[in-house]
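Hi everyone, thanks for coming. Grab a seat, pull up the viewer, and follow along with me while I walk through this one.

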Amino acid sequence: MDPKAKNTYLIAGAAFVVFVVAIFFLFIFQRSPKGPEAEESAEEVKELSEVEIAKRPYITLTPTTDGAEIIMSMENMSFCDKIEYELTYLADNPQLAGEKIERGSTGTDINAQEAKYKKSILLGTGSRGVRSPDTGIEDGKLILHCFKANVEFQSESDWNLLKGGAKKAKVSNKAGSIEVDVPALGKDHWIIVADTVGLPTGFDFDVKNAILPSYSVSSVDVDKAGSGSLVWKLERDAGDVDLYVYNNAEAKWQKVDSKYDSSAKTLTATVS
């Protein structure tokens, strides 16, 4: 038997590009054999997780320098005939201190046959060129609707807007299962940790054995980011683990050193 068949692969990606975007991609691979999958039902609404990973849309959410907008980027959409989404979050109620209100934006203008969809979403209100950005943003969610023939595939994922970088800081997803040390960048940056739903293309591994969710850690105007530590707490023991990095600027993967503590179900590594 090929010894690689016993390995579990934790995949991460990192790309710090001058004045463009800094992104980490995080996900797991399980190479061991799986049991037979249940036969699909004939329901009209299904989970997007029923679609094979390689065909799911790959999504990143990147905050602008002032944190007032999100740049949504979506690729690998061709499986869907049509795509719609709702991006929601809680924000401070400007009329009542200490209270939160739900805000959001919807999208129905996506051509799923295009190579990429990109849109700027204001986190707040605006009129005649004057913006009123929301404050105290938390509990971000993205609901995706992928329509294929007579079936609608849905997914709901979290995103977390944070600020850091003037000094060394830690950022994490909402659940706290993935934590990244952000090195001192000279000034604060807005950062989003988000589920990417699908994966970036260009992989040379068997994505059928990937264990999701995958995550991105995104920011803009990052000059020399240096390196930082990654801590990932897994829900179950992953066995033998390898870590790979996806470089967003060069669009390629590479393996990096990592350590896995099976008793704590935690993987640590240094990424740059």
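Let's start with the nonpolar cores. This is a predicted model, by the way, so keep that in mind throughout. The largest nonpolar core has 31 residues. The ones with the most contacts inside it are L61, M72, M74, Y85, L87 and W159. Which elements give two or more residues to this core? They are β4 (58–63), β5 (69–75), β6, β8 (116–122), β11, β12 (151–164) and β15 (189–195). The top contributor is β6, with five residues.

Click on M72 for a moment. If we skip residues up to four places away in sequence, M72 touches a whole list of neighbours, including I59, L61, Y85, L87, I121 and L142. Some of its other contacts are with T60, Y117, K118 and K119. There's also a second core, separate from that one, with 20 residues, and among them are I178, Y215, V241 and V245. As a bit of background, nonpolar side chains tend to be buried together in soluble globular proteins.

Back to β6, then, and its pairings. Strand β6 covers residues 82–92, and eight bridges connect it to β11, residues 138–148, with the two running antiparallel. If you want a spot to look at, E86 sits opposite I143 in β11. Strand β6 also has nine bridges to β7, residues 100–110, and that pair is antiparallel too. There, I83 has I110 as its bridge partner in β7.

Now for the cysteines. How many disulfides does a search of the whole structure find? Just one. C80 and C146 make it, with their sulfur atoms 2.1 Å apart. The link is left-handed, with -110° about the S-S bond. C80 is in the loop between β5 and β6, while C146 is in strand β11, so the disulfide ties together parts that are 66 residues apart in sequence. Buried or exposed? C80 counts as buried because its relative accessibility is 0%, and C146 is also buried, at 0%.

Next, scroll along to the open sheet. Five strands form it, in the order β13-β14-β17-β21-β20, with antiparallel pairing. At the edges you'll find β13 (169–172) and β20 (258–261), each pairing on one side only. From one strand to the next, the twist averages 20°. Inside that sheet, β14 (residues 178–182) and β17 (residues 228–233) pair over three bridges. One to click on is E179, whose bridge partner in β17 is V231.

Last topic: charges. The structure holds 14 salt bridges, and I'll show you a few. K55 and E52 meet through their side chains at 3.7 Å, N to O. K55 is partly exposed at 38% relative accessibility, and E52 is partly exposed at 41%.

Then there's D66 with R131, where the closest N and O atoms are 2.6 Å apart. Why is that pair worth a look? D66 lies in the loop between β4 and β5 and R131 in strand β10 (residues 130–133), so the pair ties together parts 65 residues apart in sequence. D66 is partly exposed, at 37%, and so is R131, at 36%.

Finally, D139 and K141 form a salt bridge at 3.8 Å, N to O. D139 is partly exposed, with a relative accessible area of 28%. Through shared partners, salt bridges join D139, K141, E156, D158 and K174 into one network. Okay, that's my tour, so over to you!

Technical notes: Residues numbered from 1 in each chain as written. Predicted model: local features only at pLDDT ≥ 70, side-chain atom pairs only at ≥ 80, totals over all residues. Heavy atoms only, no water. Pairing = 2+ DSSP bridges. Helix = DSSP H or I, 4+ residues; strand = E, 2+ residues; numbered from the N terminus. Core = buried A, V, L, I, M, F, W, Y, C linked by side-chain atoms within 4.5 Å. Buried < 20%, exposed > 50% of the residue type's maximum accessible area, 1.4 Å probe, protein only. Contact = heavy atoms within 4.5 Å. Disulfide = S-S within 2.5 Å. Axes fitted to C-alpha atoms, helices over the stretch in contact; angles between N-to-C directions. Salt bridge = Lys/Arg side-chain N within 4 Å of Asp/Glu carboxyl O.
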